[in-house]
Amino acid sequence: MLLFHALAIAPLVSSVLGQQIWDIWETARDKSTLFKSLQPAVINFVSPGAAGAADIQVNDGAVYQQMDGFGAALTDSSAKLLSGLKSSNSNAYWELLRKLWDVADGANSAGMPVLRVPIGASDFSALGYSFDDEWNDTSFSRLSADRAPSYLWSTLADIKSIQPGIKLFFLPWSPPAWMKDSNSLNGGRVWADRSDQLAQYLFKSIQAIKNKGFDTYAISIQNEPENSNPTYPTALVAPDVAALVGNALRTLLNNNGFSRVKIIGYDHNWDHAAAYPVTMINNAPNAFAGAAFHCYGGNVGQQEDFHRAHPGKEIYFTECTGEFGSDWWSDIKWNMDNIFIGSVEHWARAAMLWNVALDGKGQQVLPGSSSCGGPGCRAVVTISGSSYTLNQEWYAIAQSNRATNPRDANGPFGQRIGSSVSGGTGWALRVTAFKTTRNNPADWNRYSLVVLNWADNPVQSVRTTIGFRGQQATYTFKTGLTTLWWYAQN
Ligand SMILES: *[C@@H]1O[C@H](CO)[C@@H](O)[C@H](O)[C@H]1NC(C)=O
């Protein structure tokens, strides 16, 4: 770091000298390193020699989506566990909050800059509620964010104290029961003629959340609008109804000082990417910033179906969960291949897993809910009484955010740039590349790679050449996850 500053203030230093790999973070398959900074000798980019067993070409002439980063969801149940940890072991609580949400460059943290938060109960709540359960309260005089448990807001306030700029994605698992044909939060369909009321409900919820001290980055109309489940808050919202809600909500937000709040939609599985979100945005092209996807059906490549139909719209990946009983390394591979590398290759600006914290049995599931049966869902961290464990999901997120979080405090996030892999052992590497600009345009950009070496049968380290602007660096990737970066002239 000190050496770099010396270089940066020496104006005659050539760009080749700047192209040195400075910092390498690794999570090895054999757990010999776990999000560990290797602090190697600086690796120089030099005139290209023969390609390695794998050859990564980084093309910063191709610039793709702006990144928001990688994170998870603060459900009521996550907040309750975190808040219990605060009571029982305040030191562990603050240590864990920093391990999840400290975005400072180089922090030993997953550094999650995005957080998804339900409006009202989800399948991970102690009980069912919305922000306005007063029947037919169409004036929303009884709407209140205090319908949510106080531990949700107190935990969110503590998270914000660690990361004031965190981007919050709010959305309901169900609108108030009185807007639905089931007359229940659980299951049923939103009445089409309630679309204006649903827009009012979402707008007033954002206002109530703002009055609690939290700005909304993005609001989604409805979690999983094609899912009606009678055991937990869910709601069917047809795509044309979502479009009506989106248009009405956009007007309310714009007219009341919330024009920067993004509206996104769909928030459901990959398999219908060509249908629901395309129709929704066809019907309300000016209301929606984009669409969000979940992992529970279809495959990540289907994000391209939506992108082809609406190339100007944003894509977010917003939900997938781990389950207990699976294999640590297999989970790392799957999560990187499909989500933290895969969804980004298919235009996602952000990728979030489901609960940020649950206990060792995947509780608390909403009483009576059929969600997460069997061995239970695993969260990013497991909290057991007064201690916590960082799960495989934490390492996948930490390695990914290291490449895209700002280099400078409050600085710009990374943008995806072009990368390709070739060579005899090229199949072993999954790679994304990013460039991160700086607060001070005179400072050199950071260029970073997230690399999954998934060669595990047999396990093999892969000697790899990395090409960048006609220069070449050489590094041997262990089986596992590696994030590395270099500075180069802008
Ligand atoms: C609520 O409003 C709906 C639609 O106007 C009406 O059909 C229903 O009877 C009302 N319910 C109550 C309890 O007022």
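Two residues are counted as in contact if their C-beta atoms, placed from the backbone, lie within 7 Å. On this basis, 21 residues of domain 1 are in contact with 17 residues of domain 2 in the predicted model. Several strands each supply at least two residues of the side of domain 1 that touches domain 2: β1 (20-28), β4 (54-66), β19 (429-436), β20 (445-453) and β23 (480-488). The largest share of that side comes from β20, with four residues. The domain assignment places residues 22-66 and 414-488 in domain 1. Domain 2 covers residues 69-404. The centres of the two domains, taken over C-alpha atoms, are separated by 31 Å.

A closed barrel of eight strands is present, with parallel pairing. Its order is β5-β6-β7-β8-β9-β10-β11-β13. From one strand to the next, the twist averages 25°. Strands of a sheet pair through backbone hydrogen bonds, either parallel or antiparallel.

Strand β6 (114-119) is mostly covered. Six of its six residues are buried. Val114, Arg116 and Pro118 point one way from β6. Leu115, Val117 and Ile119 point the other way. Both sets are buried. On one side, β6 pairs with strand β5 (residues 69-73) in the parallel sense over two bridges. Here Ala73 stands opposite Arg116. β6 also runs parallel to β7 (167-172), to which six bridges join it. Arg116 has Phe169 as its bridge partner in β7. Arg116 of β6 is thus placed opposite Ala73 and is bridged to Phe169. Helix α5 (residues 150-162) completes a right-handed β-α-β unit with β6 and β7.

Next comes helix α6 (residues 195-211). At 1.5 Å a residue, its 17 residues should span 24 Å, and the end C-alpha atoms are 24 Å apart, which agrees. The helix is mostly covered, with 12 of its 17 residues buried. Among them are Leu198, Ala199, Tyr201, Leu202, Phe203, Ile206 and Ile209. Polar residues do not escape burial: Ser195, Gln197, Gln200 and Ser205 are also buried. An α-helix has 3.6 residues a turn, so residues three or four places apart point the same way. The cover over the buried residues of α6 includes strands β6, β7 and β8, together with helix α7 (239-255). Just after α6, Gly213 takes a positive phi of about 105°.

Strand β8 (residues 218-220) pairs with strand β9 (residues 262-269) in the parallel sense. Three bridges form this pairing. Ile219 has Ile263 as its bridge partner in β9.

Further along the barrel, strand β10 (residues 290-294) and β11 pair in the parallel sense over five bridges. The bridge partner of His294 in β11 is Glu319. Helix α9 (residues 303-309) joins β10 and β11 in a right-handed β-α-β unit. Six of the six residues of strand β11 (residues 314-319) are buried, so this strand is largely enclosed by the rest of the structure. β11 also runs parallel to strand β13 (residues 348-355), with two bridges between them. In that pairing, Ile315 is bridged to Ala348 of β13. β11 therefore resembles β6 in one respect, as six of six residues are buried in β11 and six of six in β6.

How values were computed. Residues are numbered from 1 along each chain as its sequence is written. This is a predicted model: local features need pLDDT of at least 70, side-chain atom pairs count only at pLDDT 80 or more; totals for chains, interfaces and linings use all residues. Two strands pair if DSSP finds at least two bridges between them. Axes are lines fitted to C-alpha atoms, for helices over the stretch in contact, and angles run from 0 to 180 degrees between N-to-C directions. The expected span of a helix is 1.5 Å times one less than its number of residues. A residue is buried if 20 or more other C-beta atoms lie within 10 Å of its own, exposed if 12 or fewer, and partly exposed in between; C-beta atoms are placed from the backbone. A crossover is right-handed if, with the strands pointing away from the viewer, the path from the first strand over the helix to the second runs clockwise. Domain bounds come from an automatic or database domain assignment.
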